[in-house]
Amino acid sequence: MVMSVLFNLIFPPPASLVVSGMSVISLVSLANAGFSEIRGKHLNYSKFWNANPTGKKQIKLSSKAGMLLLYTPAFLAGLASFWIFPHEGVRSTLLQSALTLHFFKRVFEVLFIHKFSGGMLLDSAIPITLSYFLSTATMIYAQHLTQGLPEPPINLLYPGIVLFLVGIIGNFYHHYLLTKLRGKGEKEYKIPKGGLFELVICPHYLFEIIVFYGVSFISQTLYAFSFAVGTTFYLLGRSYATRKWYLSKFEDFPVDVKAVIPFVF
């Protein structure tokens, strides 16, 4: 029953063993990273940049340099795809555009919106960079492999566009609210206010999840859905850890504010 519904929503699984393998690897590795966050083993960026000290010397990047490293290769992969796989239909072009726009936005925010403190360890930056780059390249290649195949019985393209736009606008808006918390030269963390911050501590993660479900609906490939589900697991774990961090740092943190899903989690 479940498989029957799934195959009505996606293109047939690709003949490529690489793409099929990447579907499993992305889902499992991202879900494992999310559970690691819950267990207290964090990727070292943002407020957790100096968590889990190992005692050995590690290379530290500035937050700005680290974030640019995370997003630029994926943005360039999306941009290059217009030349590598040109004119492959509306669905493919929209997927390429959505991924390129998403990572362009992230680069733009790093350069002009975010106010940083702390740093990022290279050991954490490398796997995140590879995850974003490989997922972008694989998603676009998986879409290329659908050329000539019949469309899925249930068309999710237009709902996907709506979800993507809601997600990217909501993500940007809440990043902007985070930036407004700090005055010039300020680096300390504060309890976020405004928007969905009144309900959850990580609304920007919620909207990022919505972005990737929008992308998966546009794509309707097994890999895109696997990456969206994996991203959900990771950001649920990261938001749980973030809420726990705020509770430990601020005595006045409102306990009814959830991690990422209003009123639920």
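Leaving aside its neighbours within four places in sequence, which residues is Ser26 in contact with? Let's work up to that, and keep in mind that this is a predicted model.

So, find Ser26 first: it sits in helix H2, residues 17–39. Its relative accessibility is 8%, and since anything under 20% is called buried, Ser26 counts as buried. And its contacts, once you set aside those sequence neighbours? They are Tyr223 and Phe227.

Okay, hold on to those two names, because Tyr223 and Phe227 turn up again in helix H8, where, along with Ala224, they meet residues of helix H5. On the H5 side you've got Ser131, Leu134, Ser135, Thr138, Met139 and Ala142. How do the two helices lie? The axes of H5, residues 122–144, and H8, residues 222–249, come within 8 Å and cross at roughly 150 degrees. That is over 145, so H5 is roughly antiparallel to H8. As for the residues in this contact, 6 are nonpolar, 3 are polar and none is charged.

H5 also leads us to helix H3, residues 63–84. The buried residues of H3 pack against H5, and also against strand S1 (60–62), helix H4 (90–112) and strand S2 (119–121). Among those buried residues are Gly66, Met67, Leu70, Tyr71, Ala74 and Phe75.

Now look at Tyr71 again: H3 bends there by about 30 degrees, and a proline, Pro73, follows within four residues. From first C-alpha to last, the 22 residues of H3 reach 32 Å, close to the 32 Å expected at 1.5 Å a residue.

Technical notes. Residues are numbered from 1 along each chain as its sequence is written. This is a predicted model: local features need pLDDT of at least 70, side-chain atom pairs count only at pLDDT 80 or more; totals for chains, interfaces and linings use all residues. Side-chain values use heavy atoms; hydrogens and water are left out. Axes are lines fitted to C-alpha atoms, for helices over the stretch in contact, and angles run from 0 to 180 degrees between N-to-C directions. Angles under 35 degrees count as roughly parallel, over 145 as roughly antiparallel, 65 to 115 as roughly perpendicular and the rest as oblique. Contact means heavy atoms within 4.5 Å. Ala, Val, Leu, Ile, Met, Phe, Trp, Tyr, Cys and Pro count as nonpolar, Asp, Glu, Lys and Arg as charged, and the others, Gly among them, as polar. The expected span of a helix is 1.5 Å times one less than its number of residues. The bend at a residue is the angle between axes fitted to the seven residues ending there and the seven starting there. Buried means under 20% relative accessible area, exposed over 50%, partly exposed in between (1.4 Å probe, protein chains only).
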